[in-house]
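Biologist: I'd like to go through this one piece by piece, with the working shown. Can we put it up and start?

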Amino acid sequence: MPFFIIEFNMKKENLKRTFDLSLKLDLIKQIERGELRVSEVSKIYGLSPTAIYKWLHKYSEMYKKQTRVIVEQKSLSKKNADLQSRIAALERSLGQKQLRIDYLEKVVEVASEELGMDIEKKSKRLS
């Protein structure tokens, strides 16, 4: 059966309790299964909820502390500005390429009319 040790000192502030690991693990399992809540364990054993959450973070797989990624507003706005400028450059390049394609197609069309024969390839490119 799980147990805990209480060391008494005459002053109330110096009350130190050490809880057995098996008791901690048993309480954590009960909290994970939903049989107990942190507030109930806190009241029953006279612990602060913070102490119980420390046990949960230390011994429980469900309550492991996750790594947090902090995204700063400046870096996010700079990244957005860089992406916007990249999009604008790509759109300009695409527009120039499309103009070149249109120009070359017109040249082939005019040359075909002037020469009186079809100089365009049989398998036409998709523009």
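**Inside and outside**

Biologist: Is Gln30 buried or exposed?
Modeller: Go by the relative accessible area: under 20% is buried, over 50% is exposed, and in between is partly exposed (1.4 Å probe, protein chains only). Gln30 comes out at 18%. That is under the 20% cut-off, so Gln30 counts as buried.

Biologist: Before we go on, what pLDDT do side-chain atom pairs need?
Modeller: Residues are numbered from 1 along each chain as its sequence is written, and side-chain values use heavy atoms, with hydrogens and water left out. This is a predicted model, where totals for chains, interfaces and linings use all residues, local features need pLDDT of at least 70, and side-chain atom pairs count only at pLDDT 80 or more.

Biologist: What pattern does the protein chain follow along the sequence?
Modeller: Helices (H or I, at least four residues) and strands (E, at least two) are DSSP runs, numbered from the N terminus. The chain has four helices and two strands. Read in order, the pattern is β-β-α-α-α-α.

Biologist: How much of the protein chain is buried?
Modeller: The chain has 127 residues. Its buried share is 13%.

**Helix α1**

Biologist: How far apart are the end C-alpha atoms of helix α1?
Modeller: Helix α1 covers residues 21-33, which is 13 residues. The expected span is 1.5 Å times one less than the number of residues, so α1 should span 18 Å. The model agrees, with the end C-alpha atoms apart by 18 Å.

Biologist: Within what arc do the buried residues of α1 fall?
Modeller: The buried ones are Leu23, Lys24, Leu27, Ile28, Gln30 and Ile31. Look down the axis and take the directions from it to the C-beta atoms. The buried residues line one face of the helix, because they fall within an arc of 160 degrees.

Biologist: Which residues is Gln30 in contact with, leaving aside its neighbours within four places in sequence?
Modeller: Gln30 lies in helix α1. Contact means heavy atoms within 4.5 Å. With those sequence neighbours set aside, the partners of Gln30 are Glu35 and Leu36.

Biologist: What phi does Gly34 take?
Modeller: Gly34 comes just after α1. Its phi is positive, at about 85 degrees.

**Ile52**

Biologist: How far is Ile52 from Ile28, C-alpha to C-alpha?
Modeller: Ile52 sits in helix α3 (residues 49-59) and is buried, with a relative accessible area of 2%. Beyond neighbours within four places in sequence, its contacts are Ile31, Val38, Val41, Ser42 and Leu47. Ile28 is 24 residues away along the chain, yet the C-alpha separation is 8.4 Å.

**Charges**

Biologist: How many salt bridges does a search of the whole structure find?
Modeller: Side chains of opposite charge can pair when their charged atoms come close. A salt bridge here is a side-chain nitrogen of Lys or Arg within 4 Å of a carboxyl oxygen of Asp or Glu. The number found is three.

Biologist: Which residue meets Arg33 in a salt bridge?
Modeller: The N to O distance is 2.9 Å. The partner is partly exposed, at 47% relative accessibility. Its name is Glu35.

Biologist: What separates Asp82 and Lys78 in helix α4?
Modeller: The two side chains meet in a salt bridge at 3.2 Å, N to O. Asp82 is partly exposed at 40%, while Lys78 is exposed at 52%. Being four residues apart, they are separated by about one helical turn.

Biologist: What is the N to O distance between Glu109 and Lys106?
Modeller: Both lie in helix α4, three residues apart, about one turn of the helix. Glu109 is partly exposed at 40%, and Lys106 is partly exposed at 46%. Their side chains meet in a salt bridge at 3.5 Å.

**The nonpolar patch**

Biologist: Which residues make the nonpolar surface patch of about 290 Å²?
Modeller: Patches are made of residues with over 30% relative accessible area and no salt bridge, with like charges joined within 9 Å and nonpolar side chains (Val, Leu, Ile, Met, Phe, Trp, Tyr) within 5 Å. One member lies in helix α4 (residues 73-115) and counts as exposed at 55% relative accessibility: that is Tyr103. The full patch is Tyr103, Leu104 and Val107.

Notes
Areas by Shrake-Rupley, 256 points an atom, 1.4 Å probe, with all protein chains shown as cover.
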